[in-house]
Amino acid sequence: MREHTRKLFDYAFTGLGIASITFMVAILVIVLVPIFARGVQAVIFKGTVEHRLLHLEKFSHGDEDAIRAEYDEALKARQFAWDMLDNFKKDLKAMPSSERGHYRKEFADVEAIFAELMGPRPGEHRFPIVRMQYGQNRWDRAQVKLHELMYYEQWTYENGESHLQYLPRKDLFTGTSLEGLFDYTESHLEEMLKPKITFYWRFLTDSSIDAHIFGGIWPELLGTIYLTIGSMLFAVPFGILTAIYLAEYAKEGMILSTIRSCISTLSGVPSIVFGLIGLAFFINYLKVSPNKSVLAGALTLGLLVLPTIIRTSEEAIKAVPHAYKEAAMGLGAGRWFTVVKVILPASLPGIMTGIVLSMGRAAGETAPIIFTAAVSVGQALSPIQALSEPTPALSWNIYNLCTEHEAVEEIRHVQYGMVVVLIGVVISLSLIAILMRARIQKKMKR
Amino acid sequence: MLLIAGVCKRVCPLIFYSFEQLIMTTSSANGLTLSRRKVLIRQALAKTGTGALFLVAAASALIVLFIILYIFKNSLPFFESRGFVEFFTSTRWYPSQDPAEFGALAIFAGSLLVTIGAVFVAAPLGIVSAVCLSDIINFNLRQWIKPVVEILAAIPSVAYGFFALVVLAPFMQTHGGHFLDAIWKLIAIPCAFLAAMVLGSSLSGKVKEKTKRRLYATAYTIICFAVLLGLIQYISGYLVGIRISSGTNALNVSLVLAVMALPTVVSVSEDALQSVGRELREGSFALGATRAETMLKVIIPAGSSGILAAVLLGIMRALGETMIVWMASGNAAKIPSPIFNYLEPVRTLTATIAGDMGEADHVTGSDRYHVLFAMGFSLLLFSFVLNLVSEKIASRQRDKLRGK
């Protein structure tokens with residue numbers, strides 16, 4: 001039987017291994033699926049007529065006549081509700097003051113929520129803050145606001161524990177002229193807001209309005225692109241030259257091993273320490289820019305990805321067959337000539353793989369740019385401005401929007417959208433790298 | 001200054017290259033031989049070119065020394081004015097108060113706690129996955145699993161942090177004990193099942209008759225499984241009762257950090273297992289060992305130092321990670337009571353640097369500014385030592401496998 005036990009044990013071992021691999025794949029799915037499922041809603045969602053109006057007025061997107069006509073139709077549906085509000089206001093004035101005091105606060109709440117839902121009336125004073133100029137842009141947010149209009153919150157205490165209850169607001173106004181408003185709004189909300197499936201691809205290319213409550217993420221995306229490319233401009237030449245030296249010129253010995261262990265230590269430095277160095281050295285000491293700037297951020301990120309680039313380039317150079325080098329040398333080419341004309345072209349795909357991988361790394365890093373390059377709100381920069389000015393960047397703004405923003409819940413879709421774009425950029429870069437590597441391996445096998 | 005030097009170093013070799021090309025074209029016009037002067041020039045150019053390359057390489061290596069020294073230099077003023085005792089022994093962290101207090105013990109404890117938690121999850125899972133990836137599943141499947149590992153590694157830490165804060169934390173807070181219970185059962189029940197099978201089979205080993213033996217084995221297996229299930233249920237009854245008051249706590253961070261450190265552990269230990277080589281495997285199989293025995297008794301011991309290095313690298317990643325911890329750890333600078341209570345919020349070194357620097361930068365030169373460098377220096381020191389150790393271990397494994 002011992003043999004049987006051993007066999008079973010072997011099966012159990014295999015089962016454990018496969019279970020852990022499955023678990024790993026499951027983790028990837030668990031992390032990515034909710035993020036992607038909700039991130040897509042930043043681009044594809046039910047937009048209300050307010051959304052179309054905002055984009056007409058702020059970005060001049062869309063067919064003006066059609067949107068205006070639609071808006072007028074919506075206004076007609078809303079007018080009925082506004083009339084109800086006005087009537088109640090009149091009634092309120094006519095009431096004896098004891099009753100008026102009873103209704104005043106509740107009515108103010110209703111008016112405020114209704115204004116948030118529908119936006120200001122035509123001809124009403126328009127506030128400079130954009131979020132007060134328009135009603136709800138998204139149908140899902142409109143539903144939330146509708147719920148807020150229909151019910152009010154009440155905390156009850158029972159056995160020392162507090163419970164939140166939602167009670168119908170309608171009951172507060174029974175017997176008044178406002179009672180009809182709630183049912184009317186609930187049943188006519190679609191006519192008032194005209195939801196339509198919207199494919200908002202301009203999410204990627206629009207600037208944000210009013211701290212990301214409206215609009216897209218172009219400044220952030222552009223900032224990430226600047227930082228990524230900038231860091232490559234610093235790290236790639238430096239990294240490749242170092243790799244050439246290590247792979248082709250250096251002789252084994254103390255110096256080489258010291259350089260190698262230094263580089264591997266550099267790859268282990270925590271990213272936040274790069275941020276410290278960027279702030280204290282590049283900005284406070286060298287003063288590459290008066291304050292945070294893309295330049296300082298790119299330098300810092302360049303330091304961060306340098307070890308990766310050195311290591312991958314060195315491996316790529318070492319993977320070039322010796323015959324190439326010997327043939328070039330045999331033809332009388334100098335060492336440097338051999339490196340530039342023969343070895344570098346042959347190892348270019350490998351080096352490119354390393355560069356693409358580190359681009360993904362640089363695009364996703366947050367800690368090094370917190371103190372060196374990132375701001376929460378900003379406009380898209382031109383390349384010249386990037387030398388001296390800070391920029392918003394995807395990674396930083398994800399952090400900023402989901403922790404420090406004043407209306408965290410209202411802009412969930414923007415946060416998810418940003419995360420999806422960032423993950424999309426990084427994963428597509430690493431997929432490119434994986435495909436490139438697979439092609440190189442195929443070539444090598446031949 | 002550094003910038004200019006960098007530009008020069010990059011441009012110089014290009015100039016040498018064009019010179020060299022110039023000389024080659026002129027020399028080929030004159031015939032195959034070069035004049036003595038040209039040979040001298042070429043030699044000089046080659047020497048300086050090599051020198052320049054060496055400078056570039058040395059510069060990229062020296063950056064790390066520079067970073068260490070610079071951080072150290074900036075942390076000195078803090079230790080000069082406040083001494084060591086408060087920083088390392090007090091748990092009172094009030095840097096913006098007057099008088100300010102800079103006790104970082106709780107912050108060190110927080111870093112330690114989440115790192116241990118992350119490694120506790122990532123190391124077993126990662127090592128088992130690496131074993132499976134390198135020896136159990138076939139080549140075609142591996143081609144599909146490896147990109148999964150790479151994508152897990154590529155997902156930016158801020159995205160993991162977002163997941164921890166926006167998805168996992170509310171989930172933990174509302175489902176509390178049931179969440180812990182589900183994880184526990186997900187891990188424990190399959191393990192219990194496999195263990196019961198092996199246990200039942202080995203317990204019935206003494207029975208001689210074949211038909212009887214099978215019956216006994218099944219009976220033993222069922223009994224073992226029932227007992228283990230009872231044990232699991234007992235523990236899960238305790239787990240369900242737990243209420244998590246805040247979803248942003250050390251457990252949440254540890255789990256997500258583990259996911260982030262997992263790819264490092266998997267890929268490095270898989271390399272270590274691969275580097276053990278075919279001969280040992282074939283030898284073991286030839287002696288009649290099963291795959292499990294080969295792996296557990298031959299391959300894993302032979303690759304153990306590489307696996308250890310992988311775990312150390314995982315520790316390094318978890319320790320140096322900023323965004324996940326900053327977003328999802330709750331950032332409370334106190335030691336949880338009892339110390340291993342993972343359901344309380346903690347604060348780590350990296351998160352403190354990230355969170356406090358925004359304000360401390362306005363008072364450059366004060367203790368508040370330099371204390372963050374002191375923390376950065378401690379982090380650097382940890383990762384430096386870990387890196388050195390893992391490198392030593394890896395090189396020792398290489399020597400061992402070469403048969404030295």
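Guide: Chain A has 15 helices and six strands, where helices (H or I, at least four residues) and strands (E, at least two) are DSSP runs, numbered from the N terminus. This is a predicted model, in which local features need pLDDT of at least 70, side-chain atom pairs count only at pLDDT 80 or more, and totals for chains, interfaces and linings use all residues. Residues are numbered from 1 along each chain as its sequence is written, while chains are lettered from A and ligands numbered from 1 in the order in which they are written.

Visitor: Why is chain A called more spread out than a compact globule?

Guide: The radius of gyration is taken over C-alpha atoms, and the globule rule is 2.2 Å times the number of residues to the power 0.38. For 446 residues the rule gives 22 Å, and chain A has 31 Å, well over that value, so chain A is more spread out than a compact globule. Its C-alpha trace spans about 105 × 75 × 45 Å along the principal axes.

Visitor: What makes a residue of chain A count as buried?

Guide: A residue is buried if 20 or more other C-beta atoms, placed from the backbone, lie within 10 Å of its own; it is exposed if 12 or fewer do, and partly exposed in between. Of the 446 residues in chain A, 43% are buried.

Visitor: How many residues does each chain give to the contact?

Guide: Two residues are in contact if their C-beta atoms, placed from the backbone, lie within 7 Å. Chain A gives 82 residues and chain B gives 82 residues. On the side of chain A, helix α1 (residues 2-39) gives the most, with 26 residues.
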